[in-house]
Amino acid sequence: MNKKMVVFLLIITSYISVLCAQENILSVFEKSYTEEKLELCLKSGLEKLGVNLAEEVPEEKLSVINFILKNTYENNIHKMRGEEENKVYTKDTGEEAVFDKDGKLVTNAWNQGSYNYGKYEKPIQKFELDIWPWLVWGNTREDPTTFDERFYYYIMDLDIGIQEYIFLENKNELEKIKYSELNETDKLVYQFFNYLIFNKSYKFDLSDKNIKKYKKSADNYWKYLSQLFELTGYKK
């Protein structure tokens with residue numbers, strides 16, 4: 001192989017690496033609605049994002065993710081497309097209703113209430129049964145929203161859960177979770193949120209030192225949260 005060919009291959013390899021590095025949550029899941037098996041969809045997406053699924057998520061991060069998701073409620077995801085004054089009501093049995101600013105029941109395909117199969121007390125299961133199917137397929141067959149629209153509003157709800165963790169006084173009381181005892185689907189969900197919440201590329205993380213700064217200033221906290229949006233694929 002001559003030198004010109006070696007240089008050419010190096011350039012091509014470098015270009016492919018750049019393209020791979022540009023993969024983000026939106027790009028790998030934007031056409032996920034064509035996938036019938038949700039678990040395979042999630043696994044494939046994580047692999048495209050470069051997540052090493054053979055590497056265990058540390059126990060302390062599992063506990064944090066579990067707490068954040070337990071405090072991530074379905075509020076903003078029912079306020080899409082300008083309906084920011086909608087209010088969400090959920091029964092313990094799972095039924096959900098959304099009312100607009102005039103107190104009328106919301107019935108459009110993108111914001112209407114739906115039946116929830118998962119419980120907030122079991123946040124990973126709830127994500128698998130309710131949130132992930134909604135992110136991939138939408139609320140109904142007539143739902144005109146796209147994955148990027150839905151995920152944007154989901155991050156807004158996730159933001160509340162993250163703030164609950166930041167202001168949690170006694171973090172030693174978090175539920176202990178062992179990665180080895182999780183089933184394969186649960187592991188994928190934890191891998192997904194480990195990638196999103198604790199990404200190694202973040203300059204501003206959830207360390208105790210930074211959390212103190214986030215408590216003092218919303219601007220400091222935005223430095224952390226904005227990374228989630230950028231990692232996902234949303235531009236400033």
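Helix α4 (residues 59–70) comprises twelve residues and spans 17 Å from its first C-alpha to its last. This is close to the 16 Å expected at 1.5 Å a residue, the expected span being 1.5 Å times one less than the number of residues. Helices (H or I, at least four residues) and strands (E, at least two) are DSSP runs, numbered from the N terminus. The model is predicted: local features need pLDDT of at least 70, side-chain atom pairs count only at pLDDT 80 or more, and totals for chains, interfaces and linings use all residues. Residues are numbered from 1 along each chain as its sequence is written, and side-chain values use heavy atoms, with hydrogens and water left out.

Burial in α4 takes in Leu62, Ser63, Val64, Ile65, Asn66, Phe67, Ile68 and Leu69. Here buried means under 20% relative accessible area, exposed over 50%, and partly exposed in between (1.4 Å probe, protein chains only). The cover over these buried residues includes α5 (123–137), α6 (147–166) and α7 (184–197).

Leu69 of α4 is buried and is also one of the residues that line the largest cavity. On a 1 Å grid over the protein atoms alone, a cavity is a set of points where a 1.4 Å probe fits but cannot get out. A pocket is an open set with protein on both sides within 12 Å along at least five of seven lines. Lining residues have an atom within 4 Å of a point. Grid points are joined across faces, edges and corners, and a volume is the space filled by probe spheres set on the points.

The structure holds one cavity of 30 Å³ or more. The largest cavity contains about 100 Å³ of space. Its lining consists of Leu69, Thr72, Tyr73, Glu74, Ile77, Tyr120, Pro123, Lys126, Phe127, Ile131, Tyr154 and Asp157. Two elements, α5 and α6, give two or more residues to this lining. The largest share, four residues, comes from α5. By class, the lining of the largest cavity has eight nonpolar, one polar and three charged residues. In this scheme Ala, Val, Leu, Ile, Met, Phe, Trp, Tyr, Cys and Pro count as nonpolar, Asp, Glu, Lys and Arg as charged, and the others, Gly among them, as polar.

Two of the cavity-lining residues, Glu74 and Lys126, pair in a salt bridge with closest N and O atoms 2.8 Å apart. Lys126 lies in helix α5 and Glu74 in the loop between α4 and β1 (87–90), so the pair ties together parts that are 52 residues apart in sequence. A salt bridge is a side-chain nitrogen of Lys or Arg within 4 Å of a carboxyl oxygen of Asp or Glu. Both Lys126 and Glu74 are buried. Lys126 also bridges to Asp130, with closest N and O atoms 3.1 Å apart. These two residues lie four residues apart in α5, about one turn of the helix. Lys126 and Asp130 are both buried. Glu74, Lys126 and Asp130 are thus linked in a network of salt bridges.

In total, the structure holds seven salt bridges. Another of them joins Lys187 to Glu184, with closest N and O atoms 3.5 Å apart. Lys187 and Glu184 are three residues apart in helix α7, a separation of about one helical turn. An α-helix has 3.6 residues a turn, so residues three or four places apart point the same way. Lys187 is buried, at 16% relative accessible area. Glu184 is exposed, at 51%.

Asp130 also features in the largest pocket, which holds about 390 Å³ of space. Seventeen residues line this pocket, and Asp130, Pro133, Trp134, Gly138 and Asn139 lie nearest its centre. The lining of the largest pocket divides into eight nonpolar, six polar and three charged residues.

The second largest pocket holds about 330 Å³. It is lined by 15 residues, of which Val51, Asn52, Glu55, Asn194 and Lys200 lie nearest its centre. Helix α7 gives the largest share of this lining, three residues. Six nonpolar, five polar and four charged residues make up the lining of the second largest pocket.

Leu49 sits in the loop between α3 (38–48) and α4. Leu49 is buried, with a relative accessible area of 12%. Beyond its neighbours within four places in sequence, Leu49 is in contact (heavy atoms within 4.5 Å) with Glu23, Asn24, Ile25, Val28 and Tyr195. Leu49 and Lys104 are 55 residues apart in sequence and 42 Å apart in space, C-alpha to C-alpha.
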